Amino acid sequence: MQILKYDDLPQGGFAGLLERQFVTDQKVFGARKHPAAFNGLENFVYLADANFQPNGTTGMHGHKEVDVISVMVDGNISHAGSLEHGQSLSAGMSQVQRAGAEGFRHDEINPDTTPNHMIQLWVLPDEAGEPAGYQVFEPAIGKRVQIYGGDKSQKERFYSRTAIDVANLETGQSLEQTGDAMVFLSKGGGVINGQTIQARTLVRDASIHFVANADSQVIIIYPA
């Protein structure tokens, strides 16, 4: 089992946020990859754990040919940009933006006078040239919800051979994932494969068994 903790990584950030980058895949980041950061899984290439400062903002910027997934841990975000301008996100919610060939521009803003906490993930598309698109998923307490990935026959999520689930678990609940997977514990705490894990920890293993010993948020990345 591979384990990467928040304190294993250097503090970085830009504009109005501080972040630590847990995944910076070699094929995308090259020499800019920090040696402690993990490579990704399938087309999953990036994971950053970010705290927006009070009223902090990313600043307006653009993406092309990448899918950008934002998972709120605590606090709120006001979304601005070319896709679904004016959308608001609160703790537990997830936002998925597909840039495609068309691309999109966005600015994520902390509307509050206290810091917030958000996880951002990037996945490269299976096929280039897709139209831009936007989806948002509401929190489901006590449940595991797939927010990304699956084949083209389903319309609930953007298709991809890489899947991402978010589980907002209550104390005592558990989850299982068979096969190669990466799990990021963004909030709470628990036991993964017999080892106690604290919040802000990334784990990769051939299979995952997690039991929450506190109310927790878990992000699971695996081949769809």
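In this predicted model, four strands form an open sheet in the order β5-β10-β7-β8, with antiparallel pairing. Strands are DSSP runs of E of at least two residues, numbered from the N terminus, and two of them pair if DSSP finds at least two bridges between them. Because β5 (61-63) and β8 (88-90) stand at the edges with a single partner strand each, one side of each has no neighbour in the sheet. β5 runs antiparallel to β10 (residues 104-109) and is joined to it by 3 bridges; Gly62 has Arg105 of β10 as its bridge partner.

Residues are numbered from 1 along each chain as its sequence is written. Local features need pLDDT of at least 70 and side-chain atom pairs count only at pLDDT 80 or more, while totals for chains, interfaces and linings use all residues, and side-chain values use heavy atoms, with hydrogens and water left out.

Pockets were then examined. A pocket is an open set of points, on a 1 Å grid over the protein atoms alone, where a 1.4 Å probe fits, with protein on both sides within 12 Å along at least five of seven lines; lining residues have an atom within 4 Å of a point. The largest pocket has a volume, the space filled by probe spheres set on the points, of about 190 Å³. Its lining comprises 15 residues, and Phe14, Glu19, Tyr46, Gln120 and Trp122 lie nearest the centre. β4 gives the largest share of this lining, 4 residues.

The second largest pocket holds about 160 Å³ of space. Its lining includes Val73, Asn168, Lys187 and Asp215, and β14 (160-169) and β19 (216-223) each give two or more residues to it.
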